[in-house]
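User: Please take a close look at the metal-binding part of this model. A connected account of the coordination there would be appreciated.

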Amino acid sequence: MKFSIKSGTPEKQRGACVAVGVFEPGKLTEAAEAMDKIAGGYIGGILRSGDMKGNAGSTLVLHNVPGTLCERVLLVGLGKEQEIKDKAYRDAVRAAFKALHETGATDATLFLTDVPMKERGAAWKVSQAVIVAMESIYRFDRLKSKIEGAKPHLRKITLGTTSRAELAASEEALQQGLAIADGMNLAKNLGNLAPNICTPTYLAEQATGIAKTHNLKVTILGQKDMEKLGMGSLLAVARGSRQPAKLIALEYWGQAKKERPVVLVGKGVTFDTGGISLKPAAEMDEMKYDMCGAASVLGTITAIAQMRLPLNVIGIIPTTENMPGGNATKPGDVVTSMSGQTIEILNTDAEGRLILCDALTYAERYEPETVIDIATLTGACVIALGHVASGLLSNDEELAEELLRASEQAADPAWRLPLWDDYQEQLKSNFADIANIGGRAGGTITAACFLSRFTRKYRWAHLDIAGTAWKSGKEKGATGRPVPLLTQFLIGRTVKKGR
Ligand code: BES
Ligand code: MN
Ligand code: ZN
C-alpha cells in the first residue's frame, strides 16, 4: 500500500473513493459538508433518512453521488463530536479501511485528518491512520500452502487535508507512521512464526539480515563466548535445549559515538515449556510468543534505522528455548550470574529474568544513558493489567514519565507499578544471594525486583508485555506492541534535543 498526503478539497477529488466523516447523530464534518454541497444535499438527505447515524465504527458506501468526480463516497461514523478521543479516531479509521477492503476500490482519499480533536494535531492523525491502515492489511500466510481469500485491492491511499499549514509536519508523520508500521510487521511476523522455525539461531540470522540492510554492526555470541563471560544464569536456562542459545547485539550509531546510547534488551525465549517446572498442556503453543520482547527490539531498531534518527541505540537479545531434559536445570540448582551474584532457581519457569539478568550486566559495556528491557515476563501482569496496558517499572522517575508520555502519544498504553524495596524481601534465598521467584503475590513486581538487582549502574525501565504482545482467541496472533511506544520514545528524544 502506498501513502501520500495532499492538500485540497474533498469535492474536487477524482478516483475510486473519497472518505469523509460524520458525527452522531447525523451531523456532517466540514469535509462531508463540502461533499454534500456539491451533491446538492444528497448526503444530508441520506443522514435524515436514518440510514447512517454517525455512530462510531459505522460506515456507508455511496455510489455515483451527484456532482462528485469520484466513483464512491464513503461515510465514516465518528461518534459524538465532543467525544472524539484517540480510541474513537482509531476505531473510525479501522472501520473505514474495513469498508474500503469490501469494495473493489484500488485507491482512496481519506479526509479524516481534519476531524477536530482537542488534544491531537494533523501529524498524530496521519501517523495513526497509516499504522491502522497497515494493520488492516496484515496477514500471516507464509506457513499456509494455499493463500486463503482474495488479496486486498486497495493500493493507493491519499490522506487529504484542507489545511496547508500542517503539510510539512504531516509528511514527517507519514514517514514515522510507516516506519512504526514496518517495525510492527517485523515484530508480528517473528511472533507468529512457528517455534520450530523461529529458534535462537533464526533470530540471530534475522538480526544479521537487518544489520546488512541498514548497515549496522551485529555481534552474535555463542555458548562458548557466553561461558567465557560467565553468563551462568542465561546458560542455565539453555541447558535443556538442543538448540544453541545466542546473545545478539545490534548496534545503531546515528550520532557521534561519544553520545551514550539507549540500550534495548529484549527477552528472546523462542519457546517456553517451563522447563522441569513444566507448564500445563493447554495453550502451551502460545509460548512461542515468549520472544516478543526480542521481536520488538528488532522492530524498533528497524524503524529508527529507516527514519535515520540521530540517536545511538543498541539492541541486546538473549535468546534460548526453555526445555525440560536430562541435562536441564532443576529446581534447587544454584547458578552464578555474570554479575557475580548467585541465584537459587526455585522454579525453572521463571526463566525470563534468568536470561535478562546476564544481558543487563552485558549492557554495562556500552556505558548506556538508559536501558529498557522488554519481556513477556509474568502471567501476573496479564492478571493485573489485562491485554490493554503493558506493565512499566523503573528505578528512575523521569524515565518512567518519559515512557508514559511516549505510550500515550503512540496510543500504545503502559501503566506504572511500584518497585518499592518492601517487595525485595520476597526474593530472599536461604542458599544463594537471591531466589528467582518471590511467590504469587505481586508477581510482576517481584520479577522486576529481581531484574533491579542487575541494573544498579544505570537508569533503567522494564516493560512487561505478557498481556499486550499477543492476542488469544479467534484472532490469535502477535500484536507488534510495544514497537509504537519504543519508537515514539526514541523519536521524542530527537525532538527534545532540537534536531
Ligand atoms: N513466559 C512466561 C510468562 C507469560 C505467561 C507470558 C503467560 C505470557 C503469558 C514466564 O516465563 C513465566 O512462565 N512466568 C511465570 C513466573 C512464575 C513461575 C514466578 C508465571 O508468570 O507464571
Ligand atoms: Mn516461563
Ligand atoms: Zn517465559
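Analyst: The site of the manganese ion (ligand 2) is irregular, with angles of 70 to 167° among its 6 donor atoms. This description refers to a predicted model. The coordinating atoms of the manganese ion (ligand 2) come from Asp272 (OD), Asp349 (O and OD) and Glu351 (OE), at 2.1 to 2.2 Å. Along the sequence, the donor residues of the manganese ion (ligand 2) follow the spacing D-x76-D-x1-E.

Asp272 also bridges the manganese ion (ligand 2) to the zinc ion (ligand 3), and the two ions lie 3.2 Å apart. Distant parts of the chain are linked by the pair Asp272 and Glu351, which are 79 residues apart. Asp272 belongs to strand β13 (residues 268–272), whereas Glu351 lies in the loop between β16 (342–344) and α10 (352–362). Both Asp272 and Glu351 are buried.

Turning to the second ion, the zinc ion (ligand 3) is coordinated at 1.9 to 2.4 Å by Lys267 (NZ), Asp272 (OD), Asp290 (OD) and Glu351 (OE). The site of the zinc ion (ligand 3) is octahedral, with angles of 78 to 174° among its 6 donor atoms. For the zinc ion (ligand 3), the donor residues are spaced K-x4-D-x17-D-x60-E in sequence. Lys267 is buried, as is Asp272.

Taken together, Asp272 and Glu351 appear among the donors of the manganese ion (ligand 2) and also among those of the zinc ion (ligand 3). The geometry is irregular at the manganese ion (ligand 2) and octahedral at the zinc ion (ligand 3).

How values were computed:
Residues are numbered from 1 along each chain as its sequence is written. Chains are lettered from A and ligands numbered from 1 in the order in which they are written. This is a predicted model: local features need pLDDT of at least 70, side-chain atom pairs count only at pLDDT 80 or more; totals for chains, interfaces and linings use all residues. Side-chain values use heavy atoms; hydrogens and water are left out. Donors are N, O and S atoms within 2.8 Å of the metal (3.2 Å for Na, K and Ca); water is not among the atoms, so sites may look incomplete. Four donors count as tetrahedral if all angles lie between 85 and 135 degrees; four count as square planar and six as octahedral if opposite donors are over 155 degrees apart and all others between 65 and 115; anything else is irregular. Buried means under 20% relative accessible area, exposed over 50%, partly exposed in between (1.4 Å probe, protein chains only). Helices (H or I, at least four residues) and strands (E, at least two) are DSSP runs, numbered from the N terminus.
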